[in-house]
Amino acid sequence: MILVFEPTASAEDLVRAEQVVRRAGADPKRLTAAGGRVAIEASGVTLEEAQAVAGVAFVLEGTPAYRRVARRGQGEGTRVVYVRGVPIGGPEVVLIAGPCAVEHEEQLEECARAAKSAGARLLRGGAFKPRTSPYSFQGLGDDGLRLLRAAADRHDLAVVTEVLEPAAVGLVAEHADMLQVGSRNMQNTALLRAVGRQKRPVLLKRGMSATLEEWLFAAEYIADAGNEDIVLCERGVRTFDPASRNLLDLAAVPLLRARTHLPLAVDPSHGVGVKAAVLPMALAAVAAGADAVMIECHPEPGTAKSDGFQALTPAELAVLGARLRVVARAVDRS
Ligand code: PEP
Ligand code: MN
């Protein structure tokens with residue numbers, strides 16, 4: 001990235017800009033830009049930081065500082081991430097379905113059966129739940145992992161489940177095919193590094209108030225630690241309007257597509273948090289170019305221990321699967 005200064009920029013502006021670059025761990029080189037303006041090479045600085053520097057007229061973006069996950073030119077395709085042999089990022093739009101939380105064997109069996117018959121390739125379900133309140137159901141832990149593995153194996157599905165802390169990465173990776181880093185942990189750099197040091201692919205959900213750039217830098221932590229098998233999952237951002245749980249940012253899909261080669265998933269269940277909106281927004285996600293869609297379901301949403309209000313029944317999930325296939329074909333996917 002190169003900062004080009006206003007002709008009126010002062011010597012102090014330049015010194016301050018150099019301090020910003022040094023704080024980012026890089027060496028600021030002074031260059032001369034067209035018209036005799038001063039420019040400073042500023043690798044490592046985020047676009048937000050660069051634009052905040054006093055005296056800067058404009059910023060020239062070269063290779064972004066999140067260089068491992070950045071798309072290298074328009075000719076570069078999307079990286080295909082294989083989850084137990086299921087390709088995410090290829091021509092097929094992958095459906096991921098399952099309960100918010102693993103509750104017991106029968107509930108999970110019904111979810112796995114519903115997921116499979118709706119066309120899902122991955123079974124989701126939380127064994128370790130990052131609940132807002134410490135008094136809410138926290139998940140079944142290890143037992144939940146074993147139930148997930150068994151239910152997925154019975155139906156030939158892959159497993160994605162959330163890991164909350166670095167110390168649990170090994171355990172979760174033993175049972176799951178893909179590790180989920182949740183919204184609340186998107187900037188937990190110790191966890192990002194820990195999932196980056198192991199071999200399972202990672203589903204990285206968007207922080208609930210994270211910019212696209214912050215999200216890409218979070219992915220860069222994982223890639224830099226050694227694991228480039230990352231799928232980004234849009235799950236809605238906080239806004240002013242209580243009419244929905246979150247505002248599902250579907251524009252993130254085409255905006256990210258231009259910036260990264262990583263495959264992109266969308267979770268309309270948490271993204272809107274209103275059951276009636278899940279199907280239409282899932283269809284819209286595929287139309288927008290998503291490589292995968294993640295949906296919460298429950299055999300009896302009214303009795304769910306978490307997020308029942310946004311869970312689809314098995315019958316509703318079947319309708320969603322069938323409608324998704326139609327939209328996928330309309331945008332040249334399967
Ligand atoms: C989840 O998918 O189970 C979850 C907790 O979602 P998020 O991290 O997006 O809130
Ligand atoms: Mn949930």
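Contact here means heavy atoms within 4.5 Å. The model is predicted.

**Exercise 1. Place H270 and list its contacts.**

Solution.
Step 1: locate the residue. H270 sits in helix α9, residues 268–272.
Step 2: classify it. The cut-off for buried is under 20% relative accessible area. H270 has 9%, so it is buried.
Step 3: collect partners, skipping residues up to four places away in sequence. H270 touches R124, K205, R235, R245, N246, E296, D307 and Q310.
Step 4: check the distance to another histidine. H104 is 166 residues away from H270 along the chain, and their C-alpha atoms are separated by 22 Å.

**Exercise 2. Describe the nonpolar cores.**

Solution.
Step 1: recall the background. Nonpolar side chains tend to be buried together in soluble globular proteins.
Step 2: take the largest core. It holds 74 residues, and V195, L204, I230, L232 and I295 touch the most other members.
Step 3: find its main contributor. Helix α7 (residues 212–224) supplies the largest share, eight residues.
Step 4: set the other core beside it. Another core of 16 residues lies apart, including V81, V83, I96 and L122.
Step 5: examine one hub. Beyond its neighbours within four places in sequence, I230 contacts V69, V81, V202, L204, A219, I222, A223, L262 and P263.

**Exercise 3. Decide whether the overall dimensions fit a compact globule or not.**

Solution.
Step 1: get the expected value. For 334 residues, a compact globule would have a radius of gyration near 20 Å.
Step 2: compare. The protein has 22 Å, which agrees.
Step 3: add the box. Along the principal axes, the C-alpha atoms fill roughly 70 × 45 × 40 Å.
Step 4: look at burial and contacts. Of the 334 residues, 52% count as buried. Among contacts with a separation of 6 or more, 69% join residues 24 or more positions apart.
Step 5: note the fold elements. There are eleven helices and 14 strands.

**Exercise 4. Examine the positive phi values of D156 and D332.**

Solution.
Step 1: state the norm. Most residues other than glycine have a negative phi.
Step 2: read the angles. Phi is near 55° for D156 and about 60° for D332.
Step 3: locate both. D156 lies in the loop between α4 (142–154) and β9 (158–162). D332 is in the segment after α11 (314–330).
Step 4: apply the exposure cut-off, over 50%. D156 is at 64%, so it counts as exposed. D332 is at 72%, so it is exposed.

**Exercise 5. Compare the charge sets.**

Solution.
Step 1: count. The protein has 39 positive and 40 negative side chains.
Step 2: locate the centres. The centres of the two sets lie 2 Å apart.

Notes:
Residues numbered from 1 in each chain as written. Chains lettered and ligands numbered in written order. Predicted model: local features only at pLDDT ≥ 70, side-chain atom pairs only at ≥ 80, totals over all residues. Heavy atoms only, no water. Core = buried A, V, L, I, M, F, W, Y, C linked by side-chain atoms within 4.5 Å. Buried < 20%, exposed > 50% of the residue type's maximum accessible area, 1.4 Å probe, protein only. Helix = DSSP H or I, 4+ residues; strand = E, 2+ residues; numbered from the N terminus. Rg over C-alpha atoms; globule rule 2.2 N^0.38 Å. Lys, Arg positive; Asp, Glu negative; His and termini not counted. Charge placed at Lys NZ, Arg CZ, Asp CG, Glu CD.
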